[in-house]
Amino acid sequence: MQHLDFTTVLPKILSVYIFSFLDPKSLSRASQVCWHWKFLSEQDDIWREKCMKYGWYIPYTPADNEYGAWKMHYIACVQTLDYVTGKGVRYFKLFVIDR
């Protein structure tokens, strides 16, 4: 019996669609499975939606050869947040650094 990776059989757009249902932590774990999963889990189509959900937009238009701009933007935005959890609801408070 031979095992087959579903992402190599499905069209790229369907694989990216399936990966888009994963939360960021699960996407990071999935990217460690193999090179192809890393390629799929870092697609801007996935990370753009996750950023837009919180109203985070890139202040420029990424170049066609710029890879992973939305993921880097998501990480930068999350690093500036202070997570507070209360009764199953996740609240965000901005963490401001005085210069």
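**Buried residues and the nonpolar core**

T7 has a relative accessibility of 2%, and it therefore counts as buried, the cut-off being under 20% relative accessible area. The structure discussed here is a predicted model. Within it, T7 belongs to helix α1, which covers residues 6–9. The side chain of T7 takes part in a polar contact of 2.8 Å with the side chain of D5. A further polar contact, of 3.1 Å, links the side chain of T7 to that of H36. When neighbours within four places in sequence are set aside, the residues in contact with T7 are S15, F19, H36, W37 and L40.

One of these contacts, F19, leads to the largest nonpolar core. This core has 17 residues, and the members that touch the most others are F19, I46, W47, W56 and Y74. At least two core residues come from each of the helices α2 (12–19), α3 (24–30), α4 (35–41), α5 (44–53) and α6 (69–79). Helix α6 provides the largest share, with 5 residues. Because domain 1 (1–42) and domain 2 (43–98) both contribute residues, the core lies between them. In soluble globular proteins, nonpolar side chains tend to be buried together.

Two tryptophans among the residues that touch the most other core members, W47 and W56, may be followed in turn. Residues up to four places away in sequence not being counted, W47 touches P24, L27, S41, E42, W70, K71 and Y74. W56, in contrast to a helical residue, is placed in the loop between α5 and α6. With a relative accessible area of 14%, W56 is buried, since the limit for that class is under 20%. Beyond its neighbours within four places in sequence, W56 is in contact with C51, W70, H73, Y74, C77, V78 and L81. For one of these partners, H73, the C-alpha atom is separated by 8.2 Å from that of W56, although the two residues are 17 residues apart along the chain.

A charged residue completes the picture. D44 is found in helix α5. What is the nearest side chain of opposite charge to the buried D44, and how far away is it? That side chain is R48, at 5.3 Å, and D44 has no salt bridge; the criterion for such a bridge is a distance within 4 Å. A polar atom of the D44 side chain does, however, lie 3.4 Å from the backbone nitrogen of A69. Apart from neighbours within four places in sequence, D44 is in contact with E66, G68, A69, W70 and K71.

Key
Residues are numbered from 1 along each chain as its sequence is written. This is a predicted model: local features need pLDDT of at least 70, side-chain atom pairs count only at pLDDT 80 or more; totals for chains, interfaces and linings use all residues. Side-chain values use heavy atoms; hydrogens and water are left out. A nonpolar core is a set of buried Ala, Val, Leu, Ile, Met, Phe, Trp, Tyr and Cys residues joined through side-chain atoms within 4.5 Å. Buried means under 20% relative accessible area, exposed over 50%, partly exposed in between (1.4 Å probe, protein chains only). Helices (H or I, at least four residues) and strands (E, at least two) are DSSP runs, numbered from the N terminus. Domain bounds come from an automatic or database domain assignment. Contact means heavy atoms within 4.5 Å. A polar contact is a pair of N or O atoms within 3.5 Å; within protein, one must be able to donate a hydrogen and the other to accept it, and residues adjacent in sequence count only if both atoms are side-chain atoms. Lys and Arg count as positive and Asp and Glu as negative; His and the chain ends are not counted.
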